[in-house]
Amino acid sequence: MNYILLVIFFLLLCLIVNVVSPFIRNLLKFKDNQELENNIGGKLVKFFYKKK
């Protein structure tokens, strides 16, 4: 049972490091009208926050 919790914790940590952190970093760049990075965070910001 402890191994399952360890694996779940590791997967959540990977999700935070690889998706959430670049998304927040690119969202701050988007709000300052700077160029977005070419990673999954930049693509998510472009998808969710399209300029009108």
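Where is N33 found? N33 sits in the loop between helix 1 and helix 2 (40–48), and a few notes on that loop and its surroundings follow. Please keep in mind that this is a predicted model.

1. Overall make-up. The secondary structure of the protein chain comes to 2 helices and 0 strands. Helix 1 covers residues 2–31, and helix 2 covers 40–48.

2. Overall dimensions. The C-alpha trace spans about 50 × 15 × 15 Å along its principal axes. The radius of gyration of the protein chain is 14 Å, where a compact globule of 52 residues would have one near 10 Å. Among contacts with a separation of 6 or more, 10% are between residues 24 or more positions apart.

3. Surface and burial. Of the 52 residues, 17% count as buried. The protein chain exposes about 4,700 Å², and carbon and sulfur atoms supply 69% of that area.

4. The nonpolar core. The largest nonpolar core has 5 residues in all: F23, L27, F30, L36 and V45. Helix 1 gives the most to this core, with 3 residues. If you would like one residue to start from, try L27: not counting residues up to four places away in sequence, L27 touches V45 and Y49.

5. A polar residue under cover. N26 lies in helix 1. Is N26 buried or exposed? N26 is buried, because its relative accessible area is 0%, and the cut-off for burial is under 20%. Leaving aside neighbours within four places in sequence, N26 is in contact with L36, E37, N39, G41, G42 and V45. Two of these contacts, L36 and V45, also belong to the largest nonpolar core.

6. The two sides of helix 2. Which residues of helix 2 are buried? They are G41, G42 and V45. These residues lie on the same side of helix 2, because they cover an arc of only 100 degrees around the axis. What covers them includes helix 1, and N26 of helix 1 is in contact with G41, G42 and V45. The face turned away from the buried side carries the exposed residues K46 and F47, so do have a look at both faces when you rotate the model.

7. The start of helix 2. Here a side-chain oxygen of N39 reaches to within 3.2 Å of the backbone nitrogen of G41. N39 and G41 both appear among the contacts of N26 as well.

8. Back to the loop. N33 has a positive phi of about 60 degrees although it is not a glycine. N33 counts as exposed, because its relative accessible area is 60% and the cut-off is over 50%. N26, by contrast, is buried, with a relative accessible area of 0%. If you are checking backbone geometry, N33 is a residue to view in its place between helix 1 and helix 2.

Conventions: Residues are numbered from 1 along each chain as its sequence is written. This is a predicted model: local features need pLDDT of at least 70, side-chain atom pairs count only at pLDDT 80 or more; totals for chains, interfaces and linings use all residues. Side-chain values use heavy atoms; hydrogens and water are left out. A nonpolar core is a set of buried Ala, Val, Leu, Ile, Met, Phe, Trp, Tyr and Cys residues joined through side-chain atoms within 4.5 Å. Buried means under 20% relative accessible area, exposed over 50%, partly exposed in between (1.4 Å probe, protein chains only). Helices (H or I, at least four residues) and strands (E, at least two) are DSSP runs, numbered from the N terminus. Contact means heavy atoms within 4.5 Å. The radius of gyration is taken over C-alpha atoms; the globule rule is 2.2 Å times the number of residues to the power 0.38. Accessible areas come from the Shrake-Rupley method with a 1.4 Å probe; for residues, only the protein chains shown count as cover. The arc is that of the directions from the helix axis to the C-beta atoms. A polar contact is a pair of N or O atoms within 3.5 Å; within protein, one must be able to donate a hydrogen and the other to accept it, and residues adjacent in sequence count only if both atoms are side-chain atoms.
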